[in-house]
Amino acid sequence: MVYLLYCREHKTMYVGETKRAFKTRVDEHFANIRHQRAKPVSNHYKNRSHVRKNSEIYILEHITGVPEKSQNGHRQREREELDL
Ligand SMILES: [Zn+2]
């Protein structure tokens, strides 16, 4: 699934993709922020003061039953760079 993390305070968006449970991935983002791991999202958050409620997460695409080797391989590689 593809999701969008939007920071209302700075009008910044991050797009990520995961095959795992959405909630797991979101928890991971906030864990990355807490531990200040060098990920695009945590870099954004650690350099600025934030109120968590100003972060919004939207689900952009929810694909089910996609075969392991989908023809979307190319698109998927492009998105990996943006993976959070
Ligand atoms: Zn921000």
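This passage describes the confidence of the model, one helix and two loop residues.

The structure is a predicted model. Mean pLDDT for the chain is 77. A value of 70 or more is reached by 73% of the residues. Confidence varies along the chain. Strand S1, residues 2–7, has the highest mean, at 90. Helix H3, residues 73–80, has the lowest, at 51.

Helix H1 covers residues 22–34, a run of 13 residues. Its length was checked against the expected rise. At 1.5 Å a residue, H1 should span 18 Å. The C-alpha atoms at its ends lie 19 Å apart, so the model agrees with the expected span.

Two loop residues have an unusual backbone setting to report. Lys 11 sits in the loop between strand S1 and strand S2, the latter at residues 12–17. Lys 11 is not a glycine, yet its phi is positive, at about 55°. Within 10 Å, Lys 11 has 7 other C-beta atoms. Exposure requires 12 or fewer, so Lys 11 counts as exposed.

Gln 36 follows just after H1. The loop that holds Gln 36 runs between H1 and helix H2, residues 40–46. Its phi is also positive, at about 55°, although Gln 36 is not a glycine. For Gln 36, 11 other C-beta atoms fall within 10 Å. By the cut-off of 12 or fewer, Gln 36 is therefore exposed.

Key. Residues are numbered from 1 along each chain as its sequence is written. This is a predicted model: local features need pLDDT of at least 70, side-chain atom pairs count only at pLDDT 80 or more; totals for chains, interfaces and linings use all residues. pLDDT is the predictor's confidence in each residue, from 0 to 100. Helices (H or I, at least four residues) and strands (E, at least two) are DSSP runs, numbered from the N terminus. The expected span of a helix is 1.5 Å times one less than its number of residues. A residue is buried if 20 or more other C-beta atoms lie within 10 Å of its own, exposed if 12 or fewer, and partly exposed in between; C-beta atoms are placed from the backbone.
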